Amino acid sequence: MKIKPISHFKDEIRDREYFEHWVKQLEKANQRKYERIEVKTSLGITQVWGLNSADPKLETLVIFPGARTTALIWDFDRGLDNLNQKIRIFLVETNGLPNLSDGTTPDIKTLDYGIWANEVFDKLEIKKAFIAGASFGGLICMKLGITNPGKIKAAFLLNPGCLQFFFTRFDKPFL
């Protein structure tokens with residue numbers, strides 16, 4: 001896998017401490033403890049947060065976050081309780097984004113993020129699962145669907161990113 005850019009916290013020590021404190025505050029507010037799982041992938045260490053992850057008999061949901069965010073936002077105000085059933089949940093911190101995973105990033109134009117997502121499945125010993133992704137996470141779900149469609153029971157894509165070019169400057173055309 002060819003590594004493109006590498007992202008990192010501006011102040012590695014201070015920003016990691018801030019993030020860890022934020023996770024503790026979320027756990028306190030939600031009155032739950034997130035399981036911490038680190039897996040080694042071709043992009044380095046990938047941080048995964050788990051809920052009910054030790055019970056392989058439960059249905060499994062793997063969640064990929066949008067860009068510049070953490071997968072834990074899916075559980076603000078115990079949002080995952082809205083699923084209304086007990087399932088294994090893995091919240092994957094995408095490598096190359098501002099979180100506790102390593103900052104290595106493949107070229108977004110390749111299928112490498114799909115290959116990486118499959119590595120995460122393999123390391124977590126997930127044979128087949130429901131997947132969900134918002135924005136950039138939706139793109140990762142689509143790439144996993146291309147590289148390993150047999151591992152997906154169903155995909156839930158919320159505003160999947162990178163489907164269309166867009167410009168952030170007004171001097172560029174919108175068409």
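# Exercises on a sheet and its charged residues

Both faces of strand E5 are covered: Arg88, Phe90 and Val92 are buried on one side, and Ile89 and Leu91 are buried on the other. The model is predicted. The exercises start from this strand and then turn to charged residues and backbone angles.

## Exercise 1. Place E5 in its sheet

Task: Find which strands pair with E5, and in which sense.

Solution.

Step 1. Begin with burial. Five of the five residues of E5 are buried. In a regular strand, side chains alternate between the two faces of the sheet. The split of E5 into Arg88, Phe90 and Val92 on one side and Ile89 and Leu91 on the other can be read in that light.

Step 2. Write down the strand order. The sheet is open, has six strands and runs E2-E3-E5-E4-E7-E8. Its pairing is mixed. E5 therefore has E3 on one side and E4 on the other, since strands of a sheet are listed here in order.

Step 3. Take the E3 side. E3 and E5 are antiparallel and share four bridges. Here Leu51 stands opposite Ile89.

Step 4. Take the E4 side. E4 and E5 run parallel, joined by four bridges. Here Ile63 faces Leu91 of E5.

Result: E5 pairs antiparallel with E3 and parallel with E4.

## Exercise 2. Walk to the edge, then add the helix

Task: Identify the edge strands, and state which strands helix H2 touches.

Solution.

Step 1. Look at the ends of the order E2-E3-E5-E4-E7-E8. The edge strands are E2 (35-41) and E8 (152-158), each pairing on one side only. From one strand to the next, the twist averages 25 degrees.

Step 2. Check the partner of E2. E2 pairs with E3 (residues 44-51) in the antiparallel sense, over seven bridges. Within this pair, Glu38 stands opposite Gln47 in E3.

Step 3. Add H2 (residues 112-123). This helix packs on the sheet and touches E2, E3, E4 (60-64), E5 (88-92) and E7 (129-134). The direction of H2 makes about 125 degrees with that of E2.

## Exercise 3. A buried acid

Task: Glu93 is buried. Which side chain makes a polar contact with the side chain of Glu93?

Solution.

Step 1. Locate the residue. Glu93 sits in the loop between E5 and strand E6 (104-106).

Step 2. Test for a salt bridge. The nearest side chain of opposite charge is Arg36, 8.9 Å away. The cut-off is 4 Å. Glu93 has no salt bridge.

Step 3. Test for a polar contact. The side chain of Trp49 is the partner, at 2.8 Å.

Step 4. Survey the surroundings. Leaving out residues up to four places away in sequence, Glu93 touches several residues, including Phe19, Thr46, Pro65, Asn99, Ser101 and Trp116.

## Exercise 4. Trace a salt-bridge network

Task: The model has nine salt bridges. Start at Arg32 and trace the network that holds Arg32.

Solution.

Step 1. Arg32 bridges to Asp75, with the closest N and O atoms 2.8 Å apart. The pair links distant parts of the chain, 43 residues apart. Arg32 lies in the loop between helix H1 (12-30) and E2, and Asp75 in the loop between E4 and E5.

Step 2. Check burial of this pair. Arg32 is buried at 17% relative accessible area. Asp75 is buried at 0%.

Step 3. Arg32 also bridges to Asp81, with the closest N and O atoms 2.9 Å apart. These two are 49 residues apart, and Asp81 is in the loop between E4 and E5. Asp81 is partly exposed, at 34%.

Step 4. Asp81 bridges in turn to Arg78, with the closest N and O atoms 2.6 Å apart. Arg78 is partly exposed, at 29%.

Result: Arg32, Asp75, Arg78 and Asp81 are linked in one network of salt bridges.

## Exercise 5. Positive phi without glycine

Task: Are Arg68 and Asp77 buried or exposed?

Solution.

Step 1. Read the angles. Arg68 has a positive phi of about 55 degrees and is not a glycine. Asp77 has a positive phi of about 50 degrees and is not a glycine either.

Step 2. Place them. Arg68 lies in the loop between E4 and E5. Asp77 is also found in the loop between E4 and E5.

Step 3. Apply the cut-off. Exposed means over 50% relative accessible area. Arg68 has 70%, so Arg68 counts as exposed. Asp77 has 75%, so Asp77 is exposed.

Technical notes. Residues numbered from 1 in each chain as written. Predicted model: local features only at pLDDT ≥ 70, side-chain atom pairs only at ≥ 80, totals over all residues. Heavy atoms only, no water. Pairing = 2+ DSSP bridges. Axes fitted to C-alpha atoms, helices over the stretch in contact; angles between N-to-C directions. Contact = heavy atoms within 4.5 Å. Buried < 20%, exposed > 50% of the residue type's maximum accessible area, 1.4 Å probe, protein only. Lys, Arg positive; Asp, Glu negative; His and termini not counted. Polar contact = N/O pair within 3.5 Å; in protein donor to acceptor, adjacent residues only side chain to side chain.
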